[in-house]
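Let's take a walk through this model, starting with how its strands are put together and ending with a few single residues. Keep the structure open as you read.

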Amino acid sequence: MESKYNFKQLMIERHSVRKFTSKEIPKDVLNDIISTSLLSPSWTNSQPWKLYIASGKALDEIKKAWLKNYETKVERKPDIPIAHRDEFSELSQKNMGELIKTFKEFTNDDIMTYNYIMFNAPTVIYFTLNKGYSKWSTYDLGSISMALMLAAKDRGIDSIQATSVVVFPDVLRKVLKIPDDEDIIIGIAFGYEEKCKANDYRAPKLKVDDVCKFIDEP
Ligand SMILES: Cc1cc2nc3c(=O)[nH]c(=O)nc-3n(C[C@H](O)[C@H](O)[C@H](O)COP(=O)(O)O)c2cc1C
């Protein structure tokens, strides 16, 4: 059956972009993709998210603080603690190991190089939840994040979701005036893809048979 919306193509073309050009995203386009993402489902329509959109001078200030903190080895302390490998299944650990290894082999670069410079993104959108949030709200952030990235891709804008952009929450609280009663969960960097090896890399994905068990006996 022919697809109605060409959704699969959008899924195929979205991938994590780790180096953006310096071209700014027009404000009306940002507004449009955000308003599309706000159509996302959530637990009992709770819509628990708040979004802080950083660009221009504010983002420059954040990037400067990031570089300084990385250089001086300030401890990374995101509001959701960085997960240890042991928290993941054996298969996930294998996938994670493969990402780091194959990225390095393909690009001759360390993946973190791009993280330190916040991917040179012209805009980063930070998601927060009120402290004491339900686990279901983090699930809901997954939905809106993907919706936002696909809405962006549909307008020719690339993205990467990254924990690395929330590892120094004190800086974000200060620059973006995020109240103390909100946890900063994740950030998504947006911009226009720069032509480079890092952006040609594609993360290996599992297949249907690797993860699905169909129970369909009559
Ligand atoms: C919650 C979350 C956090 C992530 N954090 C980072 C990060 O800090 N740095 C990074 O380079 N990529 C980060 N990524 C991107 C993943 O590495 C990427 O989604 C994965 O390798 C699959 O590649 P794809 O997005 O191109 O399909 C993150 C992704 C998610 C969903």
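Two strands count as paired here if DSSP finds at least two bridges between them. By that rule β2 (residues 123–130) and β4 (residues 182–191) are clearly partners: eight bridges join them, and they run antiparallel. Bear in mind that all of this is read from a predicted model.

**The sheet**

Strands of a sheet pair through backbone hydrogen bonds, either parallel or antiparallel. In this case the pairing is antiparallel, with four strands forming an open sheet in the order β1-β2-β4-β3. At the edges sit β1 (50–55) and β3, each pairing on one side only. From one strand to the next, the twist averages 25 degrees.

Now go pair by pair. β1 is joined to β2 by six bridges, again antiparallel, and Lys50 has Thr128 in β2 as its bridge partner. Moving over to β2 and β4, Phe127 stands opposite Ile186 in β4, and Asn130 is partnered by Glu182 in β4. On the other edge, β3 and β4 pair in the antiparallel sense over five bridges; there, Gln161 has Ile188 of β4 as its bridge partner.

How well covered are the strands? β2 is mostly covered, with seven of its eight residues buried. β3 is mostly covered too, with four of its five residues buried.

**The helix on the sheet and the core**

Helix α6 (residues 135–154) packs on the sheet and touches β2, β3 and β4. The direction of α6 makes about 15 degrees with that of β4.

In soluble globular proteins, nonpolar side chains tend to be buried together. The largest nonpolar core in this model has 40 residues, and Val124, Tyr126, Leu148, Ile188, Ala189 and Phe190 touch the most other members. α3 (56–71), β2, α6, β3 and β4 each supply at least two residues of this core.

Ala189 is a good one to click on. Setting aside residues up to four places away in sequence, Ala189 touches Met118, Phe119, Ala121, Val124, Ser159, Ile160, Ala162 and Val165.

**Around the ligand**

Which residues come nearest to the ligand? Of the 13 residues around the ligand, they are His15, Ser16, Ala162, Ser164 and Ala203. The elements giving two or more residues to this shell are α5 (111–116) and β3 (158–162). β3 gives the most, with three residues. By class, the shell has six nonpolar, six polar and one charged residues.

**A few single residues**

Here are four worth a look, with their neighbour counts.

| Residue | Other C-beta atoms within 10 Å | Status |
|---|---|---|
| Ile33 | 23 | buried |
| Asp183 | 20 | buried |
| Gln47 | 14 | partly exposed |
| Asn45 | 7 | exposed |

Is Asp183, a strand residue, buried or exposed? Asp183 is found in β4, and it counts as buried because 20 other C-beta atoms lie within 10 Å, where the cut-off for buried is 20 or more. Leaving aside neighbours within four places in sequence, Asp183 is in contact with Asp79, Thr128, Leu129, Lys131 and Tyr133. Leu39 is another matter: the C-alpha atoms of Asp183 and Leu39 are separated by 22 Å, with the two positions 144 residues apart along the chain counted as their separation.

Ile33 lies in helix α2 and is buried, since it has 23 C-beta neighbours inside 10 Å. Beyond four places in sequence, the contacts of Ile33 are Leu148, Ala151, Ala152, Arg155 and Ile157. Ile33 and Arg76, which are 43 residues apart in sequence, sit 30 Å apart in space, C-alpha to C-alpha.

Last come two residues with positive phi that are not glycine. Asn45 has phi near 55 degrees, and its place is in the loop between α2 (27–37) and β1. Asn45 is exposed, because 7 other C-beta atoms lie within 10 Å, against a limit of 12 or fewer. Gln47 has phi near 45 degrees and is found in the loop between α2 and β1. With 14 other C-beta atoms within 10 Å, Gln47 is partly exposed.

Conventions
Residues are numbered from 1 along each chain as its sequence is written. This is a predicted model: local features need pLDDT of at least 70, side-chain atom pairs count only at pLDDT 80 or more; totals for chains, interfaces and linings use all residues. A residue is near a molecule or strand if its C-beta atom, placed from the backbone, lies within 6 Å of it. Ala, Val, Leu, Ile, Met, Phe, Trp, Tyr, Cys and Pro count as nonpolar, Asp, Glu, Lys and Arg as charged, and the others, Gly among them, as polar. Axes are lines fitted to C-alpha atoms, for helices over the stretch in contact, and angles run from 0 to 180 degrees between N-to-C directions. Two residues are in contact if their C-beta atoms, placed from the backbone, lie within 7 Å. A nonpolar core is a set of buried Ala, Val, Leu, Ile, Met, Phe, Trp, Tyr and Cys residues joined through C-beta atoms within 7 Å.
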